Amino acid sequence: MSTTEEIPKMQKAAVFDEVGGPINIKEIPVPECGPDDILVKIKYSGVCHTDLHVWLGDFPVETKGPLVGGHEGAGVVVKAGANVTNFKVGDYAGIKWINSTCLACEQCKRGFETTCSKAVNSGLGVNGTFQQYCIGKATEAASLPKDIDLAKAAPILCAGVTVYKALRESNVYSGQIVAITGAGGGLGSLAIQYAKAMGLRVLAIDMAEKEEHCKKLGAEFFVDPIKAGDNLVKIIQDLTNGGPHAVINIATSDKPIAQACEYVRTKGTVVLVSLPKDGKVNADVFWMVFRALTVKGSYVGSRQDADEAIDFLKRGLIDFPYEILPLESLPSVYDRMRKGTISGRVVLDLWK
């Protein structure tokens, strides 16, 4: 076991005991580091919509409390297990949604470790990054460059890699148009940036008050679905001369998915990213077949996807708005998420 920094026995964390229950800031023990793990001193943690879903019990899996949420943790390695060879104490590291995988099943061996049946998720199956010290399996943790801004790197560990992977799954090419629903939120803001960096033209779909925000990030087109109403499909197809070549669905409701299947260009792709509670895909099978559409899910990203997404940030191609708040602000951040009033991303300073 490698360690040079004196590690306390207790730490500050945001804990909830039951689904939808109070989130309390309290002292809990610092987790023990296993032989294959690293212990990361979390400097900053992004707040993801998935964290809200877990707290509310929206997923069809059991959420057991007490639990520490969070899965976008950026910090410094303070202890490395005896079997760890890819990190040393003092390195910058990120704890992602996928905390550990078996690396031995078919999915892992094919490079699809995100769909490993034995994967353990940060902030769901194991305490996550809303604590000052967090463990992660070294083979799944993301290596972060020493010259990177850790506060800005934190949201890349889930939001960034998720939209980057979704854009790759969309099969669009440089110069083609990609529509992004829920474009003004945290995921959407990053999706606009990554799409632009990948040479794509962006149609942002969100409420009118987020138009300036989206265009400032690089969106070429903007449509307010409320203002468009029943004419949404025609408006989008006219604006894009036949419909976007792909749609990245980030909006957290069913309706935008059904609409996307109507306005996407013939032979286009609709990529599902958001996880609306009890969500269903409602699409006309006849036109899905006759227009040769593809509808697919995209789930976070692999270790390689994470490295590539981080590299975009390192090269200065991703510059999204974010605000830094103390850990104690987490309940109010969740409230703002539920109301849809956050533009960009929220990052928690675990030591503020």
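**View 1. The whole chain, with 57% of its 352 residues counted as buried.** Here "buried" means under 20% relative accessible area, while exposed is over 50% and partly exposed lies in between, using a 1.4 Å probe and protein chains only. This is a predicted model, where local features need pLDDT of at least 70, side-chain atom pairs count only at pLDDT 80 or more, and totals for chains, interfaces and linings use all residues. Residues are numbered from 1 along each chain as its sequence is written, and side-chain values use heavy atoms, with hydrogens and water left out. You'll find 12 helices and 19 strands in the chain; these are DSSP runs numbered from the N terminus, with helices being H or I over at least four residues and strands being E over at least two. The radius of gyration is 20 Å, close to the 20 Å from the globule rule for 352 residues, so the chain is as compact as a globular protein of that length. That radius is taken over C-alpha atoms, and the rule is 2.2 Å times the number of residues to the power 0.38. Along the principal axes, the C-alpha trace spans about 60 × 40 × 35 Å.

**View 2. The span that UniProt labels "domain: Enoyl reductase (ER)", residues 20-348.** The label comes from an unreviewed entry; UniProt positions are in the numbering used here, feature names are shortened, and annotations may be inferred rather than shown by experiment. Helix makes up 29% of this span and strand 24%, and its end C-alpha atoms sit 20 Å apart.

**View 3. An open sheet of three strands, ordered β3-β2-β5.** The pairing is antiparallel, and two strands pair if DSSP finds at least two bridges between them. At the edges are β3 (23-29) and β5 (67-68), each pairing on one side only. Seven bridges link β2 and β3, with A13 partnered by K26 of β3. Those two strands form a hairpin with six residues between them, and G20 in the turn has a positive phi of about 75°. On the β5 side, two bridges join β2 to β5; one partnership is F16 with L67.

**View 4. The second largest pocket, with a volume of about 260 Å³.** On a 1 Å grid over the protein atoms alone, a pocket is an open set of points with protein on both sides within 12 Å along at least five of seven lines, a cavity is a set where a 1.4 Å probe fits but cannot get out, and lining residues have an atom within 4 Å of a point. Points are joined across faces, edges and corners, and a volume is the space filled by probe spheres set on them. Of the 14 lining residues, F112, T114, K165, E169 and D305 lie nearest the centre. Both α4 (159-169) and α11 (303-314) supply at least two lining residues, with α4 giving the largest share, three. The lining has two nonpolar, seven polar and five charged residues. Ala, Val, Leu, Ile, Met, Phe, Trp, Tyr, Cys and Pro count as nonpolar, Asp, Glu, Lys and Arg as charged, and the others, Gly among them, as polar.

**View 5. The largest cavity, holding about 50 Å³ of space.** The structure has two cavities of 30 Å³ or more. Among the residues lining the largest cavity are K96, W97, I98 and C158. Seven of its lining residues are nonpolar, two polar and one charged.

**View 6. The second largest cavity, with about 30 Å³ of space.** A14, F16, I23, G69, F130, L330 and Y334 line this cavity. β2 (10-16) and α12 (330-339) each give two or more of them. By class, six are nonpolar, one is polar and none is charged.
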